[in-house]
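User: I should like to examine how the descriptive terms applied to this model are justified. Please set each value against its criterion.

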Amino acid sequence: MQTRNIINQGEVSNPYRNYVLLMLTLVYVFNFIDRQLLVILQESIKKELHLSDTQLGLLSGFTFAIFYVTLGIPIARFADRSNRRNTVAVSLGLWSLMTACSGIARNFIQLLLARIGVGVGEAGGSPPAHAMISDYFPPEKRSTALSVYSSGIYLGVLTGFLMGGYLNQHLGWRTAFFVVGLPGVFFSLLFFVTVKEPRKGATDLPAPPTKQNHSFGEVLKVLLAAKTFVFLSVAASLLVFCIYGLLNWAPSFLARLHGMTNAEIGRSLGLIYGIGGGAGSFAGGFLTDHFGKKDKRKYLKIPAYAIIVSIFFAAGAIFLGNNLIVLLCLGACGFLQSMYLGPSLSVAHALVPASMRAMTSAVFFLAINLVGLGFGPLVIGIVSDLLKPTFGTESLRWALTLLLLISVVSAVLFFIAAKKMVADIKLDA
């Protein structure tokens with residue numbers, strides 16, 4: 001790598017630092033537009049390709065997740081040793097192209113292969129981006145910066161649901177994949193040209209050596225020795241199980257049990273999850289950076305409290321009959337459940353040196369996405385199919401109730417992880 005491709009901390013102005021954060025956040029927006037587009041289109045795809053709920057769960061969850069998380073490890077190791085900017089740019093171009101290719105699928109297998117391609121591309125997105133943000137922003141600002149980045153999840157959901165719902169109703173699901181996928185290819189070029197690679201460990205004091213390389217085994221050994229990371233990973237995995245279990249089935253739930261159209265669902269879910277989730281993501285980072293100055297355990301306690309409150313709104317969304325109230329409950333869930341990611345990543349990065357951060361994010365994402373994204377939609381789909389002979393169209397409602405119990409377990413584990421921080425980060429009890 002040539003020196004001119006790396007920018008040192010002294011050369012970074014606040015406007016440029018914020019520009020890089022904006023560009024990385026927009027990459028994450030494309031990530032979730034392409035990832036969640038299938039969800040808003042899945043009822044139309046199910047009818048044309050004659051799919052079951054289990055197959056839909058495989059497409060939107062497990063099959064995507066298994067490639068996303070397993071390839072995330074070697075890509076993150078490569079990123080820790082090389083240019084992370086280049087990794088993000090190439091990954092964005094690949095997953096955007098594969099999203100467009102989803103529009104030409106003629107059967108389940110072809111669509112499955114296209115979704116695998118999207119998962120392969122997206123595996124190289126977040127871990128390098130997390131590491132870049134930690135090298136552009138000092139520790140006292142990282143939770144907020146990572147939370148701003150994480151708001152791209154919900155901006156992507158907003159855009160994907162709005163565009164997908166409209167395009168699906170007026171032009172069909174195949175056209176939706178083309179229209180949404182191709183712009184990401186062009187944005188990857190803009191990102192490559194205008195974003196510079198930061199020096200590794202640039203914001204750490206004292207600055208660590210920048211040329212350390214670590215194997216997956218070495219990083220995993222460090223992480224498993226930190227009880228905070230172990231409990232945090234399990235807690236976040238169960239929360240993500242609930243997030244995707246509800247989010248990925250919300251369009252089908254609203255269509256089957258509340259009689260809403262594709263356009264109505266896309267518009268409603270896009271706005272409530274986009275605005276509510278984005279605001280919650282930012283609030284999680286802001287609140288934890290603010291209250292965490294006096295007590296670092298608040299970085300994990302605040303998300304735990306938010307999860308507890310979200311359970312009541314999730315129950316309302318599942319069981320209440322009024323469409324407006326159901327949508328408001330879903331929006332409240334999106335706000336509260338989204339508060340965990342920025343603080344969780346900030347804590348995880350505080351446990352390791354700068355040269356392990358991309359790999360640390362990859363290990364964390366392996367856990368939360370394999371369990372959450374991989375099994376959340378799939379398990380709900382399987383349970384819905386199993387309950388269908390007894391409950392008919394109500395089977396999906398009763399399958400979703402499983403998420404309430406899992407949310408309780410997740411909150412408890414977040415509290416335990418917060419307690420473990422005392423020893424792992426040497427805090428005052």
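User: Which residues does Glu-43 touch, not counting residues up to four places away in sequence?

Analyst: In this predicted model, Glu-43 touches Leu-56, Ser-252 and Arg-256 once residues up to four places away in sequence are set aside. Glu-43 itself lies in helix 1.

User: Why is Glu-43 called buried?

Analyst: The relative accessible area of Glu-43 is 14%. The term buried applies under 20%, and Glu-43 therefore counts as buried.

User: What makes Arg-35 and Glu-122 a salt bridge?

Analyst: Their side chains meet with an N to O distance of 3.1 Å. The criterion requires a side-chain nitrogen of Lys or Arg within 4 Å of a carboxyl oxygen of Asp or Glu, so the pair of Arg-35 and Glu-122 qualifies. This pair links distant parts of the chain: Arg-35 belongs to helix 1 (residues 14-49) and Glu-122 to helix 4 (residues 108-122), 87 residues apart.

User: Are Arg-35 and Glu-122 buried or exposed?

Analyst: Arg-35 has a relative accessibility of 2% and is therefore buried. Glu-122, with a relative accessible area of 0%, is buried as well. Both values fall under the 20% limit for that term.

User: How do you know that Asp-295 and Arg-297 form a salt bridge, and what is the accessibility of each?

Analyst: The closest N and O atoms of Asp-295 and Arg-297 are 3.0 Å apart. The limit is 4 Å, so the pair meets the definition. Asp-295, at 17% relative accessibility, counts as buried; Arg-297, at 18%, also counts as buried, because the boundary is set at 20%.

User: What makes Glu-394 partly exposed, whereas its salt-bridge partner Arg-397 is buried?

Analyst: Glu-394 has a relative accessible area of 30%. The term partly exposed covers values between the 20% and 50% limits, so it applies to Glu-394. Arg-397 has 11% and is therefore buried. In the salt bridge of Glu-394 and Arg-397, the closest N and O atoms are 2.6 Å apart. Elsewhere, Glu-43, Lys-46, Asp-53 and Arg-256 are joined into one network by salt bridges that share partners.

User: How many salt bridges does the rule give in total?

Analyst: The count comes to nine salt bridges.

User: Why is Leu-182 called partly exposed, and to which surface feature does Leu-182 contribute?

Analyst: The relative accessibility of Leu-182 is 38%, and Leu-182 therefore counts as partly exposed. Leu-182 is placed in the loop between helix 7 (173-181) and helix 8 (183-194). With Leu-97, Phe-186 and Leu-189, Leu-182 forms a nonpolar patch on the surface, and together these residues have about 410 Å² of accessible area.

User: What is notable about the phi of His-50, and why is His-50 called exposed?

Analyst: His-50 has a positive phi of about 55 degrees although it is not a glycine. Most residues other than glycine have a negative phi. His-50 is found in the loop between helix 1 and helix 2 (53-81). Its relative accessible area is 69%; the term exposed requires a value over 50%, so His-50 is exposed.

User: Which residues touch the most other members of the largest nonpolar core?

Analyst: This core has 127 residues, and Ile-45, Leu-269, Leu-330, Tyr-340, Phe-364 and Phe-414 touch the most other members. Helix 1 supplies the largest share of the core, 18 residues. Phe-414 touches, among others, Leu-232, Leu-300, Ile-307 and Tyr-340, not counting residues up to four places away in sequence.

User: How do you know whether the radius of gyration of the chain agrees with that of a compact globule?

Analyst: With 429 residues, a compact globule would have a radius of gyration near 22 Å. The chain has 20 Å, which agrees. Along its principal axes, the C-alpha trace spans about 60 × 45 × 35 Å. Buried residues make up 61% of the 429 residues. Among contacts between residues at least 6 apart in sequence, 85% join residues at least 24 apart.

User: How many helices and strands does the chain have?

Analyst: The chain has 18 helices and two strands.

Methods
Residues are numbered from 1 along each chain as its sequence is written. This is a predicted model: local features need pLDDT of at least 70, side-chain atom pairs count only at pLDDT 80 or more; totals for chains, interfaces and linings use all residues. Side-chain values use heavy atoms; hydrogens and water are left out. Helices (H or I, at least four residues) and strands (E, at least two) are DSSP runs, numbered from the N terminus. Buried means under 20% relative accessible area, exposed over 50%, partly exposed in between (1.4 Å probe, protein chains only). Patches are made of residues with over 30% relative accessible area and no salt bridge: like charges are joined within 9 Å, nonpolar side chains (Val, Leu, Ile, Met, Phe, Trp, Tyr) within 5 Å. Accessible areas come from the Shrake-Rupley method with a 1.4 Å probe; for residues, only the protein chains shown count as cover. A nonpolar core is a set of buried Ala, Val, Leu, Ile, Met, Phe, Trp, Tyr and Cys residues joined through side-chain atoms within 4.5 Å. Contact means heavy atoms within 4.5 Å. The radius of gyration is taken over C-alpha atoms; the globule rule is 2.2 Å times the number of residues to the power 0.38.
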